[in-house]
Amino acid sequence: MMRLAYRNLFHNKVRMTISAGGVALALMLILSLDAIFNGVEEQITAYIDNSGADIFVTQSGVRNMHMASSTIPVETIDSVEAVPGVDAVTPIHYLTNMIVLGEERQLAYIIGLPEGAAMGKPWNIVAGDNIPKKGDAIIDQKLASNVGIDLGDKVEIMGRSFNVGGLSQGTESLVNSVAFISIEDFTAIRAAPGSISFLLVKVAPGESYDRVTRDIEAQVPGVTVQTRMEFAANERQVVKDMGTDIIAIMNLVGFLIGLAVMALTVYTAILTRKREYGMLKALGATNRHLYVSVFFQALLSVVLGFGLGLAFTLVLAEGLSRLGSTLVLVINSASLIKVGMLSLIIASLSAALPVRQISGLDPALVYRG
Amino acid sequence: MLVARRNLAKDKMRLGLSIVGVGLAIMLILLLNGFLTGMNRQITAYLDRSPGEILVSQKGVSNLLGATSILAPGVSTEVEETEGVDLVIPILSQFIILDLHDKKQPVYLVGYIPELGGGPWQLAAGREPQGVGEVVFDRVLANRHKIQIGDRLNITGADYTVVGLSEGTTSWMTSFIFLHKKAAEELMRSPQVTSFLLVKTHEGAEAINVLQKLTELDGLEAFFKSTVSENDLRIFAEVFSTPLRLIVAIAFFVGSLVVGLVIYTATIERQREYGVLKAIGARNGVLYQIVVIQALVAAVTGALFGLLLVYSASWGIMSLRPQYLIVLDPMIAMWALVSGLGMALAAAIYPVRVIAGLAPAEVFSK
């Protein structure tokens, strides 16, 4: 029966291509949306992941960087440095603002870095300085090249003109880029001396991150302390929570489209082979034999569609990356398992549709006309 | 026409499935567009409903959402003294992330002075904040998290009492919450700082002239609120347009494939009959018409079904998840038909080629 299903499926290559292609596109809808959100999750934590800090100290109750603001008094720096197990502390300023590059405006995390910062600086410099001098800004290289800006050119950040002193890579995402200026410039523009946004903490070798985190929180008032992993996880959680409903809706629509395409294909394939199925019944095949054949045919098509859908998504991800798009697609095992399960359900349901046709098939049909 | 209709209607199950497939693809396209339109309306809600015609920000800031603006104390007086300015409303605003029932909920916090305005434009219940420990919550967000008037909430380390619920201040990404400006200054640890000034001009004063004068002030930017709305929309459009276009393109291809499969099968099944028609003198043009009409009927019926689906789906989504606003454009029917026509034409290409290659003699050879 499996051989029959295989032959039936591959007998008409155009129909098979259309059906596998249709299912592939429907599954691609689900896969690509998952991949978009996975990509954003990965991009959004790039600064935190590459900061070099083990612990982040923020204003009490602030557990995120994206869409958040944190203000802590500068005296906190000394208090944190005094906690046993703390090796180094780098204070940074942070807010979200526009970088104006000629006619272009781009949303960016603006990071104010102290001279000689050990942490929180750009992690992949392709040209120029890796810590901004006074009056200089380090901006993303891809963003700069898109508008023809190079080292020494002018950009505007928070209403002030800066020389491009460095170009970094990996600092641009679908949502925003990251730009670095000196903490001196930041404080002057923000007109908020005496405060800082975040403290990046390096734990001394051999010390436990968790113990130092707990000690800072216990000894320094008015702050929230998280390990880098916790801080990044909270950041990813924002994207996850914002995307949950959208992903659920898209998954449902993608599933229904895939189901409609597959049901249509299996139904059409059975209909055009009605006489042959009647012949099999006349030769003694039971309804169960025929159901197995139909299910296997649907399963084969869906497996093909799944493979194609995955291939399309991978090609799309590679294409976007080569085109330099900020839209990054990341396919993970969780979405592959989810789409695999949906594919199985699609195959089972679409195979159930022609059951009535098969069970009602008259074996004598084959002897008529 | 009759041949096309009969050919298509011969198998109702097949036709039904194709209509469902096309309908779902069209629904997806229209739903995404409706979602985007609704999101745009939600993004500009504060600027649309807040008082004043002009927004003053820190130099270099041309957005309300997404960008942080900090105006030093004293700027408000400078703006008030500008010729043609009637009223200046300071607000201190910032995105913050709330942790509600283990969910991360971004909200846009607006600190305002109730006597001047700039707060919620419609209260569903309760009153505006009068003291520093009070907050007005968006009604939809409050309902989702079972927050009621009188409840105490911790916002970035400090406790606030919910004294009011605002209407029309929600969106799927972020909802608005309102505090007294003094409370916002404490929460952001930014005493006497203002983010933006909403400026009302004197009756009779030319708003454009007032705007011009305000832009001349040192360290400030001034824009009509409509310009700031456009800038905010541009930021979000940049983020969402690429993924959205990608999904719409996939949906369009799926729809074309569904119609294509039906028309192809119907054409192949009737290959001999098409051969007979050719043999008795029907020209290719006539046969193409039959195929295209079948594709059109399947696609346009599917498009109409898609319209029905999109209205039902958007009603369902907005009832279950009121934070989503799906605005279906009055031109939606036209877009559905255009998408359906596009799918029909794309779907007819291959079957038309099959017919073109058909030998009239084939019918007699079997």
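Buried means under 20% relative accessible area, exposed over 50%, and partly exposed in between. Keep that in mind as you work through this predicted model.

**Exercise 1.** Decide whether Asn38(A) is buried or exposed, and find what it touches.

*Solution.* Start with the location: Asn38(A) sits in helix H2 of chain A, residues 13-44. Next, take its relative accessible area, which is 14%. The cut-off for buried is under 20%, so Asn38(A) is buried. Finally, look at its neighbours: leaving out residues up to four places away in sequence, Asn38(A) touches Val330(A), Asn332(A) and Ser335(A).

**Exercise 2.** Work out which parts of chain A are linked by the salt bridge of Lys202(A) and Asp54(A), and classify both residues by accessibility.

*Solution.* First, the distance: the two side chains meet at 3.7 Å, N to O. Then place each partner. Lys202(A) belongs to strand E11 (residues 198-203), while Asp54(A) lies in the loop between helix H3 (46-49) and strand E1 (55-59). The pair is 148 residues apart and links distant parts of the chain. Last, the accessibility: Lys202(A), at 31%, is partly exposed, whereas Asp54(A), at 4%, is buried.

**Exercise 3.** Trace the salt-bridge network that includes Arg211(A).

*Solution.* Begin with Arg211(A) and Asp215(A), whose side chains meet in a salt bridge at 2.4 Å, N to O. Both lie in helix H7 of chain A (residues 209-219), four residues apart, or about one turn of the helix. Now add Glu207(A), which is linked with these two in a network of salt bridges. Arg211(A) itself is partly exposed, at 26% relative accessibility.

**Exercise 4.** Describe how chain B meets chain A, from the overall area down to a single residue pair.

*Solution.* Take the area first: the two chains bury about 5500 Å² between them, with 70% of it on carbon and sulfur atoms. In chain B, the residues that lose the most area to chain A are Lys104(B), Arg189(B) and Leu261(B), together 13% of what that side buries. Then count contacts: 63 residues of chain B are in contact with 65 residues of chain A. Eleven residue pairs are in polar contact across the interface. The largest share of chain B's side, 17 residues, comes from H8(B). To finish, look for charge pairs: the interface has one salt bridge. Asp241(A) forms a salt bridge with Lys103(B), with the closest N and O atoms 4.0 Å apart.

Note on methods. Residues numbered from 1 in each chain as written. Chains lettered and ligands numbered in written order. Predicted model: local features only at pLDDT ≥ 70, side-chain atom pairs only at ≥ 80, totals over all residues. Heavy atoms only, no water. Contact = heavy atoms within 4.5 Å. Buried area = accessible area lost by both parts, 1.4 Å probe. Polar contact = N/O pair within 3.5 Å; in protein donor to acceptor, adjacent residues only side chain to side chain. Helix = DSSP H or I, 4+ residues; strand = E, 2+ residues; numbered from the N terminus. Buried < 20%, exposed > 50% of the residue type's maximum accessible area, 1.4 Å probe, protein only.
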